[in-house]
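Good morning. I will go through one structure today, a few places at a time. Please have the sequence and the model open.

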Amino acid sequence: MFEENRQTLVKDYTIMLAAILTGVMVLLYIFLAGSVYFQQKELVQVFAYEESEEWHSAIKYRMTNIPGVNEDEDDKTGEKDDLFYYAYDVTGKRLGINNAPASLVEHIDRAIAGQDFVDGEVRLQVFFRQGYSTPAAYMMTKKEIVDGGVKIGELYAGKDVLPFVLFLFKTGLFFAFLAGGLLLLSLYIGRRMADKAMVPIQQGFERQKDFAANASHELRTPLSVITAAVETIERNKNNVLTEFSQSVLTDLKEEIRYMSKITEDLLTLARLDKDNWLVEKDRVDVRSLLQRAVQIFQPVAQEKSIALEILLKSEFAVWGNENQLLQVVRILTDNAIKYTEPGKRVSLTAVMAADNRIRICVEDTGCGLEPAACRQIFERFYRVDKARSRSSGGTGLGLAIARELVQANNGTIEVESALGRGSRFSIILPQYIVSESGN
């Protein structure tokens, strides 16, 4: 029980810490990428504005010394500069260029030829060359050259931004590896926080457990004395009791029986809660186990006209403590009979499950359970219908005891149910396997 709660706390703490740290890293990366992007965008826009102003004068006054025409060869090929531009007149004739790097020329020419740029729009293009093996990236914008409200040309300006894209890519990989490390750190911190949180819970449970064990032990003696006194009064024929007194005496015996049942159940749970509480295990024949349970409850089932049957096609044996497993089957069979209407049936079956385990089932055709009840039914003192359980002698501890006993025998217990269609409780236990030595 504590381990399940601890694992839940570890999971919750880890998810919370990982979400916070991952969120911080994502925001940091977005801020970094945004800063780089807007810095390069602003640089391209400023460059486009400056070049468009020069070309405005050149086109307007028909200057012979057009920018870019008399530049040296290195500038034309873009070997020394990651900024480039292409200037055109209103007819689409290219007037001058400051070439982009050779890796970008073909791609940029196609983009300009498409003529789908909007004035002032800045585009970031990332692509691969040479069979998707070589990356390339550039940022480009279009700037119309206008004079007196009349368009006289246009300029495409851009920048090779591959170094910045690669920087962001490598930074993203670094952040991804860092996220993995932070996840491990979150798991470590989550475990430490869960361990620390479990200390007061375990201490409180230990005090509660000791109180339940001590109180139950102390209650047994006075309950036995009261029971003996009531039985003595009933056997004494010299006592003349009125009909009302007889009724009160009967009710008193019933309440004593109910309190005794609670006391015994609490003592059983207190023993099961002991960490050092060990049980002897051996081979348990499943057919014999089910037959003993049916023999115990057959009179009760016949009284309610309920068919109590064993459906077993093969012989199985499990590894466990026979008395404890019989108590589990008795609890499940008793509940099945209590909540099954007269004229219906209760079936006890066993089949082979996965991983060399045996599934023992107690199935009824009773009223069934809601999904919410299925999730809580193994909790201590939980009762679906408190009034009905009280009248039928239920304490809300039977299924909790069953779960603890099954877990003590290295098994698990499950429930499948639907309203109006009955319930099936399954006990999954390790199969008894004879070793090669015969032991």
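Before we start, one term: contact here means heavy atoms within 4.5 Å. Also keep in mind that this is a predicted model.

Let me begin with helix H3, residues 102–114. Which residues of H3 are buried? They are Leu104, His107, Ile108, Ala111 and Ile112. And what covers these buried residues? The cover includes strand S1, strand S3 (122–129), strand S4 (134–147) and strand S5. Just after H3 comes Gln115, which has a positive phi, near 55°.

Staying with this part of the chain, look at Arg123. Its charged end sits over the ring of Phe117, at 4.3 Å from the ring centre. Arg123 also has a charged partner, Glu121: the two form a salt bridge, and their closest N and O atoms are 3.0 Å apart. Glu121 has 26% relative accessibility, so Glu121 counts as partly exposed.

Next, the aromatic rings. How many aromatic pairs does the count come to? The count is 11 aromatic pairs. Take Tyr37 and Phe38: their ring centres are 5.3 Å apart and their planes stand at 80°, so this pair is edge-to-face. Tyr37 counts as partly exposed because its relative accessibility is 27%. Phe38, at 52% relative accessibility, counts as exposed.

A second pair is Tyr88 with Tyr156. This one is also edge-to-face, with 6.1 Å from centre to centre and 85° between the planes. Tyr88 belongs to strand S1 (residues 83–89) and Tyr156 to strand S5 (residues 150–160), so the pair links distant parts of the chain, 68 residues apart. Are Tyr88 and Tyr156 buried or exposed? Both are buried. S1 and S5 came up a moment ago, as part of what covers the buried residues of H3. One more item on rings: Tyr29, Phe174 and Phe175 make up one aromatic cluster.

Now to the surface. There is a nonpolar surface patch of about 610 Å², made by Met16, Ile20, Val24, Leu185, Tyr188, Ile189 and Met193. Which elements give two or more residues to the nonpolar patch? They are helix H1 (2–60) and helix H4 (162–235). H4 gives the most, with four residues. Leu185 is a residue of helix H4, and its relative accessibility of 39% is why Leu185 counts as partly exposed.

For a buried residue, go to Thr14, which lies in helix H1. Thr14 has 10% relative accessibility and therefore counts as buried. What does Thr14 touch, leaving out residues up to four places away in sequence? Thr14 touches Leu183, Ser186, Leu187 and Gly190. The C-alpha atoms of Thr14 and Ile189 are separated by 7.4 Å, although these two residues are 175 apart along the chain. Ile189 was one of the residues in the nonpolar patch.

Last topic, salt bridges. As background, side chains of opposite charge can pair when their charged atoms come close. A search of the whole structure finds 15 salt bridges. We have met the one between Glu121 and Arg123.

Another joins the side chains of Arg292 and Glu322, at 3.0 Å from N to O. This pair links distant parts of the chain: Arg292 is in helix H6 (residues 286–303) and Glu322 is in helix H7 (residues 322–338), 30 residues apart. Arg292 has 31% relative accessibility, so Arg292 counts as partly exposed. Glu322 is partly exposed as well, with a relative accessible area of 31%.

Then there is the salt bridge between the side chains of Arg359 and Glu414, at 3.3 Å from N to O. Arg359 lies in strand S10 (residues 357–364) and Glu414 in strand S11 (residues 412–418), so the pair ties together parts that are 55 residues apart in sequence. Arg359, at 23% relative accessibility, counts as partly exposed. Glu414, at 36%, counts as partly exposed too.

Finally, some salt bridges share partners. Which residues are joined into one network that way? They are Lys142, Glu144, Lys151 and Glu154. That is where I will stop.

Conventions
Residues are numbered from 1 along each chain as its sequence is written. This is a predicted model: local features need pLDDT of at least 70, side-chain atom pairs count only at pLDDT 80 or more; totals for chains, interfaces and linings use all residues. Side-chain values use heavy atoms; hydrogens and water are left out. Patches are made of residues with over 30% relative accessible area and no salt bridge: like charges are joined within 9 Å, nonpolar side chains (Val, Leu, Ile, Met, Phe, Trp, Tyr) within 5 Å. Accessible areas come from the Shrake-Rupley method with a 1.4 Å probe; for residues, only the protein chains shown count as cover. A salt bridge is a side-chain nitrogen of Lys or Arg within 4 Å of a carboxyl oxygen of Asp or Glu. Buried means under 20% relative accessible area, exposed over 50%, partly exposed in between (1.4 Å probe, protein chains only). Rings of Phe, Tyr and Trp (its six-membered ring) pair if their centres lie within 6.5 Å; planes under 30 degrees apart count as stacked, over 60 as edge-to-face and the rest as tilted. A charge sits over a ring if NZ of Lys or CZ of Arg is within 6 Å of the ring centre and within 35 degrees of the ring normal.
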